[in-house]
Amino acid sequence: MNKMLPGVRHRTALLGLLAIALVGIVILAHLRIKDNALRNVERTLDSRNSMTRLYFLDKLGKYDVLPETLASAAAIRATLQEPTPARLQEANLTLAETAASLGADRIWVMDLVGRVVADSKWRSSDAGVGKSLAYRPYFQDAAAGKTGRFVGVSVIGQTLGYFLSRPVVIDRAIRGVVALQVSWPFKDYEALLWDDWKVRERLALVADPNGILLMSGVSSWTYKTIAPANPERMARVRRSRQYGDREFLPLGMKVGTMVAPGMRFVQFDALPEKTYLQKAYDMREIGGRVYLHVDAEDYRSTVNSQTGLAALAAAVLFLGAWFLVERLRLQAKLLKAAIRDPLTGLYTRLYMQEWLHDAVNAHARHQERGFSLLLFDIDRFKSINDTHGHMTGDDVLRGVAQLIGGCVRTEDLAVRFGGEEIAVFVRIAVREEVAILGERIREQVAQSGVMTARGLIQVSVSGGIATHAAGETTAALFERADRKLYEAKRAGRNRVFSEWD
Ligand SMILES: Nc1nc2c(ncn2[C@@H]2O[C@H](COP(=O)(O)OP(=O)(O)OP(=O)(O)O)[C@@H](O)[C@H]2O)c(=O)[nH]1
């Protein structure tokens with residue numbers, strides 16, 4: 001009946017464990033939420049990167065085979081072999097026609113030392129013929145037999161563009177380089193970045209492989225470096241005069257924690273109110289790097305609100321568990337009050353009825369499950385109350401109850417039956433044995449007395465014993481035991497009578 005009691009006694013420990021477990025779960029949930037939110041951010045950035053890549057592929061793809069085609073054009077090969085004025089003129093015309101029909105800024109041919117020999121803009125004021133571009137990476141790539149791809153600022157026209165180059169091979173030897181520059185897709189893309197800049201939630205920066213910014217939503221950032229630049233590399237860039245006399249200062253970007261491979265928090269001095277999540281992508285199509293950003297606020301608020309929800313769910317769970325434990329505790333308390341007498345600690349009549357119900361049924365089914373009732377009553381208890389007061393009477397009652405309770409085994413039952421009456425049920429059906437037990441209890445009480453606040457008080461009990469007959473009602477059993485108790489009182493008290501005496 002009181003099985004719940006031990007668990008409830010440990011309720012504080014249980015709730016503590018639950019709280020620790022819930023805190024652990026919330027922390028795990030938080031990490032998971034962060035992970036998911038980061039993956040979402042990364043997906044967004046990756047898809048924007050794919051769009052950027054597609055944009056440039058679409059705009060620049062059509063130029064891909066052009067240098068190769070020009071490298072095999074008779075006019076250009078002839079010029080490189082023997083640059084007569086007529087051949088140069090023809091080469092210039094071929095380049096100008098091709099550039100005009102395909103929307104290229106400029107197409108030109110260089111000899112093996114990087115000097116421009118023919119130029120689609122041969123007629124204009126910024127014609128490049130005679131200039132040496134040997135230090136330009138696209139020249140060096142093509143002179144080494146590769147395709148040169150490069151994004152940067154043209155030395156001749158000072159415009160940002162895409163440079164594409166191929167070697168001109170004559171009789172298995174490289175004899176020169178054909179290169180072209182296209183700028184218009186960059187102007188269009190820059191317009192898109194400016195739209196982004198107005199929104200400010202997402203920011204894209206385009207840099208060359210040295211980390212020098214070529215395009216962004218903030219025009220003052222152009223030609224600044226993304227990070228404090230490597231001095232050696234910057235010296236090389238300056239020597240090459242790839243960007244004229246421009247200074248390369250860092251744009252003022254604070255780098256925060258790395259949250260995933262390639263992704264980190266950053267903050268720009270020019271935008272102090274915002275923190276961004278940044279991911280960098282190599283953009284081989286344009287030979288540079290693209291840095292994409294999203295406002296970290298969205299990510300943070302998603303993580304915070306979802307973690308908040310998880311914490312709320314955990315708190316609700318904890319409160320639910322707390323209420324449940326409190327209810328169980330209350331139930332256990334009520335149960336204890338219902339089955340244990342508060343003064344003596346003996347079982348109550350309520351519990352006795354349940355015990356008797358089981359015992360009577362068991363005896364009806366099994367002959368060997370007999371039991372007996374020993375009914376005790378404190379002798380002259382009224383006079384103890386009258387002489388020493390009710391409180392001392394209570395002490396005596398408690399003391400006698402303890403003495404009697406101490407004489408029976410745990411499978412037996414000691415019950416406070418009435419005011420100062422105590423009923424003891426024992427699983428003994430052998431008359432002599434019950435009589436011995438009854439006598440032992442009487443003797444124990446009479447000999448020890450009870451220690452109270454008023455000193456040791458001598459006390460005695462009288463008892464009546466009846467052994468249960470299978471099928472007999474409990475009322476009949478009590479009546480028989482009570483009759484014997486009455487006889488014991490009449491016979492002078494401090495004695496225990498059985499039916500067979
Ligand atoms: N102190 C105290 N007294 C109680 C309690 N319950 C019953 N009593 C008292 O116990 C006394 C019982 O008195 P009686 O039934 O007259 O019998 P007795 O004085 O014990 O005399 P005999 O039984 O004839 O030996 C009454 O005065 C009750 O008030 C209790 O819980 N505490």
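These are my notebook entries on the sheet and the nonpolar cores of a predicted model.

**Ground rules.** I number residues from 1 along each chain as its sequence is written, and I use heavy atoms for side-chain values, leaving out hydrogens and water. Because the model is predicted, I note that local features need pLDDT of at least 70 and side-chain atom pairs count only at pLDDT 80 or more, while totals for chains, interfaces and linings use all residues.

**The sheet.** I looked up the strands (DSSP runs of E, at least two residues, numbered from the N terminus, as are helices, which are runs of H or I of at least four). Five strands form an open, antiparallel sheet in the order 2-1-5-4-3, where pairing requires at least two DSSP bridges between two strands. Strand 2 (116-119) and strand 3 (148-153) are the edge strands, each pairing on one side only. I then followed strand 4 (residues 160-170), which pairs with strand 5 (residues 173-182) over nine bridges, and found that tyrosine 162 has valine 182 in strand 5 as its bridge partner.

**The cores.** I next looked up the largest nonpolar core, a set of buried Ala, Val, Leu, Ile, Met, Phe, Trp, Tyr and Cys residues joined through side-chain atoms within 4.5 Å, buried meaning under 20% relative accessible area with a 1.4 Å probe, protein chains only. This core has 59 residues, and Ile76, Ile107 and Leu277 have the most contacts inside it. Helix 2 (residues 11-60) gives the most to this core, with eight residues. A second, separate core has 30 residues, including Phe381 and Ile441.

Technical notes
Buried < 20%, exposed > 50% of the residue type's maximum accessible area, 1.4 Å probe, protein only.
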